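Thanks for making time this morning. I would like to walk you through one structure, going from a single sheet to a view of a whole chain, and I will put it on the screen now.

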Amino acid sequence: MEQVLLEMRQIDKLFPGVRALSKVDFTLRAGEIHSLMGENGAGKSTLVKVLTGVYPRDGGTIRLNGHEIAPRTPKEAQEYGISTVYQEVNLCANLSVAENIYIGREPKKHGFIDWKTMNERAVTLLKRLHITIDVTKTLDHYSVAIQQMIAIARAVDVSARILILDEPTSSLDEQETQRLFAIVRELKAQGMGIIFISHFLEQVYALCDRVTVLRNGELIGSYEVAHLSRLELIAKMIGKNLSAVQEMDQTEEKSQPSADVFLAAKDIGCTGSLVDVDLAIHKSEVVGLAGLLGSGRTETAELLFGIHSITKGEIDINGKKLNISDPMTAMRKKIAFCPEDRKVSGIIGDLSVRDNIILAMQAKDGMLKHIPYARQAEIADEFIRLLQIKVSDREQLVKNLSGGNQQKVIIARWLATQPELLILDEPTRGIDVGTKSEIQKMAVQLAKQRGMAVVFISSEMDEMTRTCTKLVVMKDRRKVAELMDDEVNSENVMKAIAGGEKE
Amino acid sequence: MNWKRITSSSLFLPLLALFALLLFNVIFVDGFLSIQMTEDGRLYGRLIDILNRSSSLIVLSLGMTFVIATSGIDISVGAVVAISAAVVCTLIGGRGDGVAEHPMALAILAAVAIGVLCGIWNGFLVARLKIQAVVATLILMTAGRGIAQLLTAGQIITVYYKPFSYISGTIPGNVLPTNIFIAAAMVLLVGFIMKKTSIGLFVQAVGINATASKYAGISVSLVLFVVYAFSGFCAGVSGLIESSLIRAADANNAGLNMEMDAILAVALGGTLLSGGKFYIGGSVIGAITIQTLTTTMYALGIASDQLPVIKAIAVVVLCLIQSKKCQALVASWKENRHGGSAGKTVEKA
């Protein structure tokens with residue numbers, strides 16, 4: 001058995017009115033990748049924040065190598081050898097790679113920064129992680145994946161005992177994720193203890209040795225990943241028994257598309273982001289846009305919604321040509337779009353749930369046609385009930401909701417406009433398993449019951465194959481394949497993506 | 001029992017600050033509360049003075065509140081006040097025999113229109129050209145006084161036309177100065193707009209998250225445009241009041257530093273400079289507070305060149321009272337004194 005690196009015992013954390021953590025135990029061994037799992041609000045990030053000194057704890061002990069520690073700030077935690085890489089890369093985009101790695105602890109010569117040594121050291125450090133890049137270029141030259149790895153390199157160099165990865169893969173594509181995993185495994189081999197937080201079950205199974213499950217701030221247990229089935233894990237996370245989960249896992253029967261075309265895109269393109277895409281979306285049809293990150297999925301959706309204008313081709317709606325120059329034009333034609341990045345382009349955090357739900361409707365009505373308060377409340381309550389959004393009341397600020405509920409608020413905002421085409425861009429990213437399956441089912445039901453056309457974009461292949469009757473596969477800003485009915489499976493998608501490579 | 005609800009209201013702190021200041025006045029300034037009537041039927045007294053003098057700042061801070069709520073800022077309003085003053089005075093003219101060269105209604109309309117025009121210019125720079133608000137409005141802040149100088153040909157134009165003084169004075173037969181009514185009307189107008197339209201919601205949405213607002217179908221540039229144009233409109237009205245107070249257009253000094261007072265009034269009112277939620281009532285109270293402070297200093301016989309120092313100290317105190325961090329510090333200090341009894345209540349909850 002490996003040696004115990006970190007022991008957290010009986011950790012308590014109170015927020016006003018809420019017990020965020022209650023007597024939680026957590027043990028991390030050296031040379032182990034340990035996953036923290038749980039639904040949103042289960043207490044994963046609170047536990048990590050207690051460990052890294054972001055929050056003071058209200059009870060319990062933390063031992064590192066047998067010595068009790070009490071970090072009060074992230075900096076102190078770093079000095080103990082605990083580093084965190086967050087979901088959002090928190091480096092400075094306008095500084096060079098080397099500067100980012102050594103910021104605050106630059107090597108000095110005669111009191112001045114020794115640029116040469118700094119750059120050399122940065123190159124050596126990155127080489128250890130098999131990254132060869134120009135370290136003198138500013139960070140924004142590189143993809144999010146590389147930035148993520150630079151953040152890891154920095155964390156590893158600062159301290160080499162415990163590394164916490166908080167949703168590191170949520171903005172990476174498959175290849176990038178694999179590359180990241182290779183690095184993490186290497187660090188494990190060097191004897192580091194790694195805490196890995198992710199919503200992707202597959203990744204947890206691919207990477208982790210052990211998993212600790214939290215629910216509502218309480219410890220459910222720690223398990224060997226190899227001896228725990230996926231369904232068992234989900235059951236523990238959401239606190240239901242196995243059969244209930246199996247039932248939840250059953251898919252809604254797919255929606256049968258009607259013969260009427262709602263939207264037809266002919267050879268549309270936009271300089272720099274999309275090349276010649278043909279797309280027909282029927283009423284009652286769930287169309288999936290598959291492909292890797294940056295393949296043109298989101299770009300296609302944004303063109304259909306008028307975030308950007310097409311520079312080539314034409315878009316017909318109900319058989320009539322239309323110039324979609326801004327979102328309002330698309331909205332008038334009953335197109336709705338739930339964007340990919342919930343925090344940046346979805347929610348208005350400091351506004352209430354009610355304001356967020358009626359926002360698109362009000363925007364459609366215009367500034368001067370004010371929806372009376374009573375009507376607003378009625379609409380908000382209706383959707384809170386319909387989508388089972390968990391809120392204390394409709395005036396709660398939307399930023400205080402969990403990710404899944406925020407996503408539901410955005411969907412409610414668009415359903416309130418009674419769209420005929422609903423575009424969902426990564427609607428299930430970063431939200432818990434229960435809500436995920438709810439949203440998948442909802443997409444299918446909307447198509448079936450209301451005859452809505454739905455465009456579904458997701459990085460998770462099985463989510464797409466479950467819900468869509470047509471898959472459009474994108475690669476390098478082009479459409480490379482269109483899969484219908486029986487052809488819809490992940491193997492064919494992979495083939496289509498790989499097949500384009502050989503040409 | 002309702003104490004908690006009262007103290008948590010957004011208007012509580014601004015009002016508390018104002019009342020503290022008024023209380024200070026009642027104690028230390030003789031006859032502060034007394035209001036008397038002159039022989040020709042006008043009311044006068046320090047309270048009336050404060051309202052009279054704060055009216056232009058109230059009007060300015062109305063416009064400023066919306067701009068700041070979109071997480072912008074308009075530092076050109078002081079200069080726009082000078083332009084508006086120059087326009088109205090030049091059009092009425094400085095004829096010694098007290099005859100107007102152009103009808104006063106026309107002059108007023110032109111001055112306000114110029115204000116709106118200035119606002120549209122700012123809106124164009126911010127909304128269309130996407131220039132940062134501080135930089136965009138800095139252009140008019142520096143150029144504005146030059147434009148006002150051009151209009152008045154470098155002279156201070158003194159207006160002898162009697163009705164012009166009624167804007168900031170009292171119309172015969174009325175008991176209160178007209179500008180108090182103007183400010184009240186503007187506040188009511190804004191209140192009406194807030195009640196009957198969705199501009200308030202859109203302004204907040206844009207101020208909190210402009211990208212998400214765009215994705216929700218809000219025309220962000222239109223909102224910004226409207227907001228800056230309205231700020232210009234307010235500055236135009238404010239220019240009328242300011243020039244009527246001194247019955248002259250002084251391109252160098254009309255509305256000098258008023259942009260800073262307006263920003264301060266908004267901040268005192270509880271609106272964050274980072275944008276988002278805004279409090280019109282708070283801004284109005286903030287504006288009155290600032291003017292009360294000035295009047296207090298004069299009443300205590302403090303020389304006008306020392307005024308800024310006293311004002312700064314008072315502002316620091318007022319801001320400290322309102323700062324969340326400070327409130328938390330005071331709360332934790334209280335808690336320690338009571339032996340952590342407050343902590344236990346939290347646990348129970």
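Before the packing of helix against sheet, one convention: two residues count as being in contact if their C-beta atoms, placed from the backbone, lie within 7 Å, and angles run from 0 to 180 degrees between N-to-C directions. Please also keep in mind that this is a predicted model.

With that in hand, look at helix α10 of chain A, residues 297-304, which lies across β13 (261-270), β14 and β16 of chain A and runs at about 115 degrees to β13(A). Those strands belong to an open sheet of four, in the order β14-β13-β16-β17 (chain A), and the pairing is antiparallel. At the edges we find β14 (274-282) and β17 (320-322) of chain A, each of which pairs on one side only, while the twist from one strand to the next averages 20 degrees.

Staying at the β17 end, strand β16 of chain A, residues 312-317, runs antiparallel to β17(A) and is joined to it by three bridges, and here A:I315 stands opposite A:L322 in β17(A).

Let me turn to chain B, which has 15 helices and four strands. Its C-alpha trace spans about 80 × 55 × 35 Å along the principal axes. Because a compact globule of 349 residues would have a radius of gyration near 20 Å, the 22 Å of chain B agrees with that expectation. Buried residues account for 47% of the 349 residues in chain B, and of the contacts in chain B between residues at least 6 apart in sequence, 76% join residues at least 24 apart.

How values were computed. Residues are numbered from 1 along each chain as its sequence is written. Chains are lettered from A and ligands numbered from 1 in the order in which they are written. This is a predicted model: local features need pLDDT of at least 70, side-chain atom pairs count only at pLDDT 80 or more; totals for chains, interfaces and linings use all residues. Helices (H or I, at least four residues) and strands (E, at least two) are DSSP runs, numbered from the N terminus. The radius of gyration is taken over C-alpha atoms; the globule rule is 2.2 Å times the number of residues to the power 0.38. A residue is buried if 20 or more other C-beta atoms lie within 10 Å of its own, exposed if 12 or fewer, and partly exposed in between; C-beta atoms are placed from the backbone. Two strands pair if DSSP finds at least two bridges between them.
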